[in-house]
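Biologist: I am new to this one, so could you walk me through it and tell me how each label is earned?

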Amino acid sequence: MPFPREQLESASNEKLCKSETIKLRNKHIGQACQLFYRSDPLKIVRGQGQYMFDEQGTCYLDCINNVAHVGHCHPKVVRAGCLQMATISTNNRFLHDELVQCAKTLTSKMPAPLSVCFFVNSGSEANDLALRLARNYTKRQDIITLDHGYHGHLTSVMEISPYKFNQPGGDPKPDYVHVAPCPDIYGGKFKDRDYPNEDMAEIYTQPIREICEQVKAQGKGLAAFIAESLLSCGGQVIPPEGYLKAAFETVRAAGGVCIADEVQVGFGRVGTHYWAFETQDVVPDIVSVAKPMGNGHPVGAVITTPEIAEAFYNTGVAYFNTYGGNPVSCAIANAVMRVIEEEGLQENARSVGEYLLQQCRELKYEFDIIGDVRGLGLFVGLELVKNRETREPDTNAAHWVVNRMKQIHKILVSSDGPNGNVIKLKPPMVFSQKNADEFLLAFRECISFLEKQRNGDQLPAYNAADSSSATTTTESMASKAQIFEHQDRLIKSV
C-alpha cells in the first residue's frame, strides 16, 4: 500500500470514453452540479502529488486543489486509510484510539482555551454545528457574516453565505442574518486609495459596530460573528492588519461569540502559522475545519471551549453523527497532520509562497492588467483589471487566462471573487519552487499574448498559437517533461 501498479491499471482501463461519461453525467447527475471548464471538461482518472492525469495520460499541474492538502494519493495517507478500513470502521459511540489521538493533535495546534472537539464529515456540517453551538450558548439567533463569504451548502449555512444567496435565484436573506462589508481594501466597498494613511481595519470594523447597535435597538442580541479567516470565494482576500481583532472585540462586547471558518485555509497553508486566524493575533471561540483535514476524504471538526461545549451538553440533547469521528476518517486525518509535520509542508508553504508572491508582484510592474497581487503562503490571488486607476474588473480576461492555462500549458487554475476576475492559486502543499516557476512562465505567456492580441474587449481565442513565444513555450515544455519524468520515477519507487 498504496498500490501504484493497480492505480495505473485502473486509470488505463477506464470503461467509458469521455463522450459517454459526459452523456451519462448529463442524464443522471443534476445540472446544478457544475463542472470546471464546462465547454471542454476534464476527465481526471489519476492523481499524484501536485499533478492530475486525464484519460489520455495528459499531465496537469494542479493549482486548484486545496483539498488534496499533502498531495494527491499521498502514500502515508492512503496506507493509513486502507489499513484502518481493513481493520474496523464503526461510529464514535465505541472507544477508539484514532478518535482521541486526532482530537489531541488538533487541540494541541489550537491556542487555549480551544480544547474540545466535535467530529463531522464536511465543512458545511462543521459550520452548521458551529452556529448551533453559538446560538445555544448565547440563547440568541442573529448572526453577522461577511459579504461574498461562503460557509457551505446546508440550509443553515446557505443563509449566512452571501456568495450564494446574492446569486440570481438565491433564497432571500433572513432578517436575523446581517451582512458586513468584505474587508477587501483593493476592490471592496472601502478602498485603500480612497482612504490614504487611514486605518483600514477600523474603517471596515465600523459597519460591524453599527450592526451590533441596530440589533440592540431592536431589542435583540447577537449570537455570533462568522468569518473565513481569509476569504477564498470572495477573491483571495487578506483582511487588513488588526481587522479580526477589532471585529472580535466589537462582537464580544455585544454578547456574541466569534467563529473562525478555517475550512479552506487551515493546516499550515498560510506558512507562517498553522491556522490563518493566528495571522490576525486573535483567538476565536469556535473554529471549523474540514477540506484539507482528510486530503480528499470527507472529514471535518469543530473545536471550541469547554464552557461552550458544556452548555451544549447541558441541553440534554445528545450529539451523534453516524460517520463523524469514525476510525477510518480519524486515521486519515492523523496521517495528514503527521505528514504536514514530517515533510515540513508548512515551511514549504511559507518559502514557496513568499517566492511566488514576490515573482507575481514583479509581473505586476510589467503588465498593467494585473491590478493587485495578494496572499499568504500558498494562498494567492491575482486580480485582473481593465484600468489600474479605476480598478474596473476584467472578468473576461480572467476566464480567458484560466482556459488558456489549461489548454496550452496544462496548468489548472480558477477564477473567483464577486466579479470573477481574481486568478486563484491554492495548490497542494507539496507545490515546489519549480512548480511556481512553471506557473509564472505560463502565466506570463498568457498575459503577454493577451495584451498583444486583444482588441479592446475582443479577446483572441484562448487556444491560439503565439509564434513569438515558440522558443519559450518549447523550453517550458522541456522543463515540464523533466518534472513529469521525475514525478513518474517517484511514483514507481513507492
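Biologist: Which strands does helix 9 lie across, and what is its angle to strand 7?

Modeller: Helix 9 (residues 243-253) lies across strand 5, strand 7 and strand 8, and runs at about 165 degrees to strand 7. Angles run from 0 to 180 degrees between N-to-C directions, with axes as lines fitted to C-alpha atoms, for helices over the stretch in contact. Lying across rests on contact, meaning heavy atoms within 4.5 Å. Helices (H or I, at least four residues) and strands (E, at least two) are DSSP runs, numbered from the N terminus.

Before we go on, this is a predicted model, in which local features need pLDDT of at least 70, side-chain atom pairs count only at pLDDT 80 or more, and totals for chains, interfaces and linings use all residues. Residues are numbered from 1 along each chain as its sequence is written, and side-chain values use heavy atoms, with hydrogens and water left out.

Biologist: Which strands does helix 5 lie across?

Modeller: Helix 5 (residues 123-138) lies across strand 4, strand 5, strand 7, strand 8, strand 9 and strand 10, at about 175 degrees to strand 8.

Biologist: How are the seven strands of the open sheet ordered?

Modeller: The order is 4-10-9-8-7-5-6, with mixed pairing. Strand 4 (116-120) and strand 6 (177-180) each have a single partner strand, so they stand at the edges with one side left without a neighbour in the sheet. The twist averages 20 degrees from one strand to the next.

Biologist: How do you know that strand 8 and strand 9 pair?

Modeller: Two strands pair if DSSP finds at least two bridges between them. Strand 8 and strand 9 have three bridges, so they count as a pair, in the parallel sense. Strand 9 also pairs with strand 10, in the antiparallel sense, over four bridges. Ile286 has a part in both pairings: it is the bridge partner of Ile259 and stands opposite Thr304 in strand 10.

Biologist: Which way do the residues of strand 9 point?

Modeller: Ile286 and Ser288 point one way, Val287 and Val289 the other, and all are buried. In a regular strand the side chains alternate between the two faces of the sheet.

Biologist: Why is Ser156 called buried?

Modeller: Buried means under 20% relative accessible area, exposed over 50%, partly exposed in between (1.4 Å probe, protein chains only). Ser156 has 18% relative accessibility, so Ser156 counts as buried. By contrast, Asn314 has 54%, so Asn314 counts as exposed. Asn314 lies in the loop between helix 10 and helix 11.

Biologist: What makes the link between Ser156 and Asp128 a polar contact?

Modeller: A polar contact is a pair of N or O atoms within 3.5 Å; within protein, one must be able to donate a hydrogen and the other to accept it, and residues adjacent in sequence count only if both atoms are side-chain atoms. The two side chains make such a contact at 2.5 Å, so the distance fits the limit.

Biologist: How do helix 4 and helix 11 cross?

Modeller: The axes of helix 4 (residues 97-108) and helix 11 (residues 327-342) come within 8 Å and cross at roughly 35 degrees. Residues that meet there include Leu99 and Cys102 in helix 4, and Ala331 and Met337 in helix 11.
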